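The exercises below are meant to be worked with the structure in view, and each is followed by a solution in steps.

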Amino acid sequence: MQPVDTAVTDLATATKKFSRRVLPIMLVMLVCNQLNRSNIGYAQAQLEADVGIGAAAYGLGAGLFFIAYAIFELPSNFMMEKYGAKIWLSRIMVSWGIVAFLMAFVRDETMFYALRFLLGAAEAGFFPAVIFYFARWVPAGQRGKATAIFIAGSSVAAAVSGPIAGLLLSLHNVLGLRGWQWLFGIEGMLSVVVGAVVFFLLDARVQDAKWLSDGEKSALGAAIAAEDARHARVGEGRLTRWKMLLNPQILLLCGIYFAIQLSVYANTFWLPSIIRRIPGTTDLSVGFLSAVPWVCAIGAMYFAARWQDKATSRRPLLAVALLVAAAGTLAAAVASPVLALVFLSVAAMGFKSATPLFWTIPQSGLHPLVLAPAIAIVNSLGNLGGFVAPFGFGIIKEQTGSVVPGLFALAAASTVAAGLVFFVTERRTGRGHGAKDGAGRILQEAVTAT
C-alpha cells in the first residue's frame, strides 16, 4: 500500500501524463470527426450546381446523419463495452472515413441521402466512448477540464475546417475532379489513416499503459475505484442501468442538449450560406470568414472551463451561456449580413461554452456503471437537434428564401433551455478544492477502505 502523500503525487503525475499523451490523440480524432461532419456545408453550392441538390434536399441529407446516429448510438455503446474503447474507437474512425470518402462519388439525391445516413451509423458511439474512456482514466477533479479541452477541439476543427474547405474547393477541375470531390476524398482518407494509427497508440486499461510507472498505475486505479465505491455508497449502485436511463432527469438532460445541438448544427451547416450574403465573397473567403465564430468560441470556452472549476454549481454558468447564445442569434436575425456574422460569433461563444458545462453535470452525477449508456441516450436523443436544425432551415429557406425565421426559432429554443437548466439535479463540488486536494481526499478513502 502506498503512503497517501506518495499516492497523491503519483496520481497528479499520471493525470499530467494522460493529458500530454492521450488527450492530443483524442483531439486529433475529434478534429477529423468535425471535418467530415461539417464539410457538406462548404460544398453545398457546388453540390447544387453539379448534382442538383437543392436547399431542402441538402437540409434533409445533412439531418439524416443524426437520425442514424440516434438509432445506432446505444447499440454502438453496448458493443464498445464488449470490445473495449480502444478497438471500438478505431473501428468508428476507419468506418466513418470510408463512408466520408465515398461522398466524393455522389451522383444524385438518393445516393446523397444514403451516404449521410451511413455516415451517422458509422460514427454513432464516438463521443460517449471518449467520455467513458475519460471516466476510466481521469479522476473526477480533473475530468471537467479534460472534457472541456476535448470539446474545445470541435471549435478548433470548425475554425480550421473553413480555410481547409476553401483551399480544397479551389482545386476545382484539377486532375478532372470537382472541388467538392477533393474535399470529401482527402478528409475521408485522413480519418481512415488516423483511425488505424489510433489502434496502436491507445491503451485499453490503466494497467496496460507502459508510459505510467507502477506507482502511477496503482494511484490512478485506486482513485477511480474509490470514486466508483463512493457512487455506490449513495445508493446509485443498487439501481439497474435501465431504471437510471428512464429517470426523468436524464430526459431533462436530453431536452437541454437538444436545444444546444439545434444551435450548433444550424450554424455548422448553414453558416457558410449566411456568410455568402456578404457581397463579394468567394469559396475561399467564405471558408476563412466561417472560421471567425469558432475562433471566438475557443476563447469563450477557455474562460468557461476556468470558471466552472471554481464554481460550486455549473447550472448558473450553463444558463448564462444559453442566454448569450439566444441573444446573439436573435440579434443576427435582424442585422445586416456583416453584423450578422458578428452576432453569430457572440452566439457561438454561448452555445459552444454551454457544451462542456453541460457534460460535467451527467459526468459528476451518474454512476460509472450507467455512465456510458446514459450519455449515449442523452447524446443520441439530443443530437436529433442536428436533424431538426439543418432540415428545418432547408425547408424555411426553400419556402421563404431566407433563414431568418429559423434564427428566431433557435433563439427561443436556447431561452427555454436556459430555464430548464434549473430543474436539473447536480452534485455540487466544494469551492477551492484543487485537483491535488481532491486527489488526496479520494486516495485517502481508497487507503482507508483497503
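Helices are DSSP runs of H or I with at least four residues, numbered from the N terminus. The model is predicted.

**Exercise 1.** Place Phe199 in its helix and decide whether Phe199 is buried, partly exposed or exposed.

*Solution.* Phe199 belongs to helix α7. Its relative accessible area is 33%, and since partly exposed covers the range between under 20% (buried) and over 50% (exposed), Phe199 is partly exposed. Phe199 also joins Met79, Tyr83, Ile87 and Phe200 in a nonpolar surface patch, with about 500 Å² of accessible area together. To this patch α2 (55-83) and α7 (179-201) each supply at least two residues.

**Exercise 2.** Determine how the axes of α3 and α7 are arranged.

*Solution.* The axes of α3 (residues 85-102) and α7 come within 7 Å and cross at roughly 165 degrees. Because angles over 145 degrees count as roughly antiparallel, α3 is roughly antiparallel to α7. The crossing of the two helices is left-handed.

**Exercise 3.** Find the partner of Glu216 in a salt bridge, and classify the exposure of both residues.

*Solution.* The side chain of Glu216 meets that of Lys17, with an N to O distance of 3.0 Å. This pair links distant parts of the chain, for Glu216 lies in helix α8 (residues 214-233) and Lys17 in helix α1 (residues 4-51), 199 residues apart. Glu216 has 5% relative accessibility and therefore counts as buried, whereas Lys17, at 22%, counts as partly exposed.

Terms used
Residues are numbered from 1 along each chain as its sequence is written. This is a predicted model: local features need pLDDT of at least 70, side-chain atom pairs count only at pLDDT 80 or more; totals for chains, interfaces and linings use all residues. Side-chain values use heavy atoms; hydrogens and water are left out. Patches are made of residues with over 30% relative accessible area and no salt bridge: like charges are joined within 9 Å, nonpolar side chains (Val, Leu, Ile, Met, Phe, Trp, Tyr) within 5 Å. Accessible areas come from the Shrake-Rupley method with a 1.4 Å probe; for residues, only the protein chains shown count as cover. A salt bridge is a side-chain nitrogen of Lys or Arg within 4 Å of a carboxyl oxygen of Asp or Glu. Buried means under 20% relative accessible area, exposed over 50%, partly exposed in between (1.4 Å probe, protein chains only). Axes are lines fitted to C-alpha atoms, for helices over the stretch in contact, and angles run from 0 to 180 degrees between N-to-C directions. Angles under 35 degrees count as roughly parallel, over 145 as roughly antiparallel, 65 to 115 as roughly perpendicular and the rest as oblique. A crossing is left-handed if the near helix is turned anticlockwise from the far one by less than a right angle, and right-handed if clockwise.
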